[in-house]
Amino acid sequence: MPEGEFWNPEVELLSGEEIRSLQLRRLRAVLERCGNSPFYREWFREAGFDPARVSSLDDLRALPFMDKETLRGGDPRRFLTVPLEEVVRLHSSSGTTGQATVVFHTARDIDAWTELVARCMYMTGVRRSDVFQNMMGYGLFTGGLGFHYAAERIGALVIPAGSGNSKRQIQLMRDFGTTVIHVIPSYALYLLDVFRELGLDPRRDTSLRIAFIGAEPHTESLRRRLEEAYGIKAYNSYGLSEMSGPGVAFECPFQEGMHVWEDSFILEVIDPETLEPVPEGEEGELVFTTLHREGMPLLRYRTHDLARVFPEPCRCGRAHRRISRIKGRTDDMFIVKGVNVFPMQVERVLLGILGVGSNYRIVLETVDNRDEMRVQVEVSGDLWHGEVKELSQLRRRIAQELRNEILVTPVVELVEPGSLPAGEGKAVRVVDMRDHARGE
Ligand code: ADP
Ligand code: ZN
């Protein structure tokens with residue numbers, strides 16, 4: 001059990017150069033293993049790629065990219081580089097953008113993944129004395145078990161609460177003195193209304209000090225709201241089932257971008273149109289190659305997630321490069337009245353305005369053959385029961401600030417707190433009911 005600031009100082013404190021040489025060593029081993037998989041043998045052959053001749057990280061660029069479509073295109077067992085007997089578990093993606101994809105893990109894969117997530121949690125200050133309530137879905141979704149195992153490895157007391165059942169979540173926090181939670185950010189915001197309904201204030205009535213928030217895009221404004229309302233530090237956690245799940249990139253105590261664990265992943269950032277690398281520091285699509293997975297390695301996997309790399313070294317001393325907050329998936333962008341909009345641009349505006357409550361939704365419609373963007377916004381409890389004049393002022397202000405940000409004037413509809421659908425999983429921010437979206 002490490003005592004200091006670092007879970008795995010040897011790896012966390014590698015210099016940039018040491019990381020690159022470790023990556024090359026591991027990459028060569030991964031490519032060699034890939035020879036056991038019928039898929040990769042064919043993949044290499046088609047690309048005229050000889051894994052034995054890889055002598056630099058750049059040589060990887062001779063391979064084509066993979067993405068969800070590659071995984072969906074047949075039996076996932078064809079990616080295996082070990083006999084099926086060695087596989088001990090499978091997980092799948094959430095299926096946010098279509099058919100869910102499956103990833104197989106050996107016992108060593110689960111162990112390596114557990115180490116990665118433990119490293120993340122420990123980095124933010126989680127210790128054996130903590131009580132960790134895991135409010136993520138257990139099961140096929142990777143968020144639940146990934147954190148569960150890691151927290152146990154640190155030695156914290158784990159409450160495997162799972163998602164949903166808000167009142168019981170709050171009860172558990174109070175009964176067992178929960179100090180750390182793992183939660184979907186839109187749900188954490190929603191839960192604040194439930195605290196209020198019960199006449200409770202999380203700052204006063206719980207022992208919470210840390211939250212891990214991830215699984216969906218969210219803004220700095222949302223993080224700040226959670227930190228203030230709960231009286232905690234909220235750390236951004238990024239991962240995807242195809243890269244095992246959480247533990248791919250994580251914020252350190254400085255909260256200035258998420259460190260990508262480069263001993264376990266090779267990160268590339270590409271222009272999603274040209275597929276060429278973007279200059280360091282510019283926004284692009286994240287592409288990962290697994291270096292720590294023996295059962296089912298993935299090479300040059302396109303995430304469709306947009307972010308940029310912070311090239312400067314981090315004050316925490318780790319040279320593992322950091323990425324910005326995820327702006328969204330390339331397919332989250334919608335076009336309305338000819339303008340490109342990301343839901344997070346809307347969130348940033350909304351959550352910066354006093355009086356805006358915990359939930360919002362963007363509805364796109366066709367009205368008189370034209371696009372219309374309707375933004376439904378829950379208002380805070382006080383305001384809802386207050387003066388009509390204040391509500392219409394708020395409505396005008398939201399419309400104006402959104403126009404300034406996205407250059408489209410939306411129809412703003414203020415709704416009662418708690419009236420918009422709030423699921424237990426990833427929030428659905430955009431509902432597209434336009435004729436063309438419905439195939440008409
Ligand atoms: P699916 O891709 O079907 O949603 P996953 O459960 O594997 O299935 O989710 C991974 C995806 O969730 C990522 O590719 C990314 O789009 C999103 N995601 C995960 N963590 C974050 C985060 N911290 N910020 C923004 N988006 C995130
Ligand atoms: Zn750092």
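**Close-up views of a predicted model**

**View 1. Polar contacts around ligand 1.** A nitrogen atom of ligand 1 lies 2.8 Å from an N or O atom in the side chain of N236. The protein covers 97% of the 560 Å² of accessible area that ligand 1 has on its own. This view, like those that follow, is drawn from a predicted model. An oxygen atom of ligand 1 is found 2.7 Å from an N or O atom in the side chain of S94, and an oxygen atom of ligand 1 is also 2.7 Å from a polar backbone atom of G95. In the first of these two contacts the protein partner therefore belongs to a side chain, that of S94, and the pair counts as polar because its N or O atoms lie within 3.5 Å.

**View 2. The shell and the pocket of ligand 1.** Which residues come nearest to ligand 1? Of the 20 residues around the ligand, those that come nearest are S94, T96, S237, D305 and R329. Strand β7, which runs over residues 233-240, provides the largest share of this shell, with five residues. When the pockets of the model are considered, the space taken by ligand 1 is the largest pocket.

**View 3. Cysteines without a disulfide.** How many disulfides does the structure hold? The structure holds zero disulfides, and the surroundings of C120 help to show what this looks like in one place. A disulfide is a covalent bond between the sulfur atoms of two cysteines. The cysteine sulfur closest to that of C120 belongs to C252, and because the two sulfur atoms are 11 Å apart, they are too far from each other for a bond. C120 is buried, with a relative accessible area of 0%, and C314 also counts as buried, at 9% relative accessibility.

**View 4. Helix α11, a mostly covered helix.** Helix α11 spans residues 343-350, and seven of its eight residues are buried, so that the helix is mostly covered. The buried residues of this helix are P343, M344, Q345, V346, E347, V349 and L350.

**View 5. Two residues with a positive phi.** A215 has a phi near 80 degrees, which is a positive value in a residue other than glycine. This residue is found in the loop between β6 (210-214) and α10 (220-230). Is A215 buried or exposed? At 28% relative accessibility, A215 counts as partly exposed, because the value falls between the limits of 20% and 50%. H304 likewise has a positive phi in a residue other than glycine, with a value near 65 degrees, but H304 is found in a strand, β12, which covers residues 301-307.

**View 6. Distance along the chain and distance in space.** R434 lies in the segment after β21 (430-432) and counts as buried, at 3% relative accessibility. R434 and M373 are 61 residues apart in sequence, while their C-alpha atoms are 9.9 Å apart in space. L71 lies in helix α4, which runs over residues 68-72, and at 6% relative accessibility L71 counts as buried. What separates the C-alpha atoms of L71 and F49 in space? These two residues are 22 residues apart along the chain, and their C-alpha atoms are separated by 20 Å.

Conventions: Residues are numbered from 1 along each chain as its sequence is written. Chains are lettered from A and ligands numbered from 1 in the order in which they are written. This is a predicted model: local features need pLDDT of at least 70, side-chain atom pairs count only at pLDDT 80 or more; totals for chains, interfaces and linings use all residues. Side-chain values use heavy atoms; hydrogens and water are left out. A disulfide is a pair of cysteine sulfur atoms within 2.5 Å. Buried means under 20% relative accessible area, exposed over 50%, partly exposed in between (1.4 Å probe, protein chains only). A residue is near a molecule or strand if one of its heavy atoms lies within 4 Å of it. A polar contact is a pair of N or O atoms within 3.5 Å; within protein, one must be able to donate a hydrogen and the other to accept it, and residues adjacent in sequence count only if both atoms are side-chain atoms. Accessible areas come from the Shrake-Rupley method with a 1.4 Å probe; for residues, only the protein chains shown count as cover. On a 1 Å grid over the protein atoms alone, a cavity is a set of points where a 1.4 Å probe fits but cannot get out, and a pocket is an open set with protein on both sides within 12 Å along at least five of seven lines; lining residues have an atom within 4 Å of a point. A molecule sits in a cavity or pocket if more than half of its atoms lie within 2 Å of its grid points. Helices (H or I, at least four residues) and strands (E, at least two) are DSSP runs, numbered from the N terminus.
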